[in-house]
Amino acid sequence: MESHELDDLAVRERTRQGEYAHQIGVCVGSGCASSRSQQIRAAFDAEVKKQGHHCRVKGVGCMGLCGAGPMVSVDDDAVLYQQITEEDVPRIVASLESEPVAELTIANDTPFFTKQVRIVRRNAGKIDPDRIEDYIAQGGYGALRKALTELTPEEVIDEIRSSGLRGRGGAGYPTGLKWSTVSKMKSPQKYVICNGDEGDPGAFMDRSVMESDPHLILEGMAIAGYAIGATQGYVYVRAEYPLAIERLKNAIKQARKYELLGENIFGTDFDFSIEIRLGAGAFVCGEETALIASIEGKRGSPRPRPPYPAESGLWGKPTLINNVETFANITAIIENGSSWFAGIGTEKSAGTKIFALSGKINNIGLIEVPMGISLGEIIYDIGGGIPDGHEFKAVQTGGPSGGCIPAVHLEVSVDYESLKTLGSIMGSGGMIVMDDTASMVEVARYFMEFSKSESCGKCIPCRVGTAQMYDLLTQIVNGEATSADLQLLQDLCEMVRDTSLCGLGQSAPNPILSTLRYFRQEYEALLIDAVPVEAK
């Protein structure tokens, strides 16, 4: 595709869509699809024809409020409907030229929507993820064209570095610095890998982005390939995400058809191809070196670093690895400039972050908020507070690698540094909310059971330590432990954290350490030699 052809296609598609009197969007993300949204979409198709409306019915990506699904939008969120069934379809179609069906609508001016800032999710709920034309009509692949025809690779990297974008996979490493490191490596072959191996319990952010806007990821990867001098990219995604895999495969096929992937992209000498590699669901393969081993066809086990993947990664070649959300930010930075992105969020944590709100909270779903927003705003304004009259007790951020933050810290700024000082991490973006009925010892044991079962077993501290920590937690829960056992548990946490080979073992003690820090009395109350509260 030549540069001008992209504009021509975008204009034609916008003109075609503008000819419809109305557009109905039916969420076809995994959450709504599990509640028969595909059948609802088919019902809308049939009903629109039956009633004779000149209306486009399309599947769209996740609209965010997953707990209210299946969701349907009319005219790009002008009207939102929740918990729709096939029986509701005739009434909604009949109302297109009159007033909405009030009892089925959900307000789109609530804090859940108004307090969000959408960068990565700007197309979610608006475009059909199975049609590249929808993506192009929204400006898709314009950033790749700009990078290839107006910027040098060094200028692209400078934009990413100046933006302040940090890796959204959990560690928060500066993205521009990582790109710069790989670009400086002298090698005839380099690789770009998108880490879509999202494995945290309660996390579904990357899954939703892959399902809702697959071309956004492909475009970001292609820009990265141009910047670092790579011609081959891989999307590593777990096989448990069949819908994401299907849409990524379709997106790659469409991008190749329009010559937006392949050889001489936009008439330049830049070649870039992308393939998909499926993971078997091992949590440890979220770690870079384990992921690389899995792509190479080996057992997914981490290796010591250095050398780092930037120097010696996939098949021993310099390799850039970023996660889904990181790549999904790239196009907006190239389109709008680094200063625009840096102006969102905080000085050290720029931009926005997607979180998956789950657990004991009214508004379950996906949100995208500016860095620096307070935890309380997320829980009470956007999340709608705690259901059934219960009180907020804690929120687990960062999944098995993170920690539990209590109610006393609701005013904390949600950014990389602030969460770290509280004994937690940003992680990939899971937020599991707990109310006053939760046992924090049980919460710690749940996450330790997960880490124990997901340990690859390569290093002794993680393999043996997680099992022993889980056994000690079980003894405490069963009322069979003493204060000496509690001290042993804390010592084990510090040993496993300080001596494990990779991030899985190093961060596995975090749920225990954070709950000991803020809810130690719950542990002590279960000990055999517990001192009665009155005697203290």
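R277 is partly exposed in this predicted model, at a relative accessible area of 28%. Its salt-bridge partner is E275, with the closest N and O atoms 2.9 Å apart. That pair is a handy way into the charged side chains here, since a search of the whole structure turns up 28 salt bridges. Below are a few of those pairs, then an arginine that goes without one, then a pocket.

**Salt bridges with some exposure**

- Back to the opening pair for a moment: E275 is partly exposed as well, with a relative accessible area of 33%.
- R497 and D498 also meet through their side chains, in a salt bridge of 3.1 Å from N to O.
- On the R497 side, relative accessibility comes to 35%, so this residue counts as partly exposed.
- D498 has a relative accessible area of 55%, which makes it exposed because the cut-off for that label is over 50%.
- Elsewhere, E13, R16, R56, R131, E133 and D134 are joined into one network by salt bridges that share partners.

**A buried salt bridge**

- D197 and R238 form a salt bridge between their side chains, at 3.3 Å from N to O.
- This pair ties together distant parts of the chain, 41 residues apart.
- D197 sits in the loop between β5 (191–196) and α10 (205–212), while R238 belongs to strand β6 (residues 232–238).
- Buried or exposed, D197 and R238? D197 is buried, and R238 is too.

**A buried arginine without a salt bridge**

- R168 is found in the loop between α8 (153–163) and α9 (175–183).
- What is the nearest side chain of opposite charge to R168? That would be E325, 4.1 Å away.
- R168 is buried and has no salt bridge; the 4.1 Å to E325 doesn't qualify because a salt bridge has to be within 4 Å.
- R168 does have a polar contact, though: its side chain is joined to that of Y416 at 3.5 Å.

**The second largest pocket**

- Volume first: the second largest pocket holds about 190 Å³ of space.
- Its lining is made up of 16 residues, and those nearest the centre are S30, G31, C62, C66 and F204.
- Two helices, α2 (30–33) and α10, each give at least two residues to that lining.
- How many residues of each class are in the lining of the second largest pocket? Nine are nonpolar, five are polar and two are charged.

Methods: Residues are numbered from 1 along each chain as its sequence is written. This is a predicted model: local features need pLDDT of at least 70, side-chain atom pairs count only at pLDDT 80 or more; totals for chains, interfaces and linings use all residues. Side-chain values use heavy atoms; hydrogens and water are left out. Helices (H or I, at least four residues) and strands (E, at least two) are DSSP runs, numbered from the N terminus. Buried means under 20% relative accessible area, exposed over 50%, partly exposed in between (1.4 Å probe, protein chains only). On a 1 Å grid over the protein atoms alone, a cavity is a set of points where a 1.4 Å probe fits but cannot get out, and a pocket is an open set with protein on both sides within 12 Å along at least five of seven lines; lining residues have an atom within 4 Å of a point. Grid points are joined across faces, edges and corners, and a volume is the space filled by probe spheres set on the points. Ala, Val, Leu, Ile, Met, Phe, Trp, Tyr, Cys and Pro count as nonpolar, Asp, Glu, Lys and Arg as charged, and the others, Gly among them, as polar. Lys and Arg count as positive and Asp and Glu as negative; His and the chain ends are not counted. A polar contact is a pair of N or O atoms within 3.5 Å; within protein, one must be able to donate a hydrogen and the other to accept it, and residues adjacent in sequence count only if both atoms are side-chain atoms.
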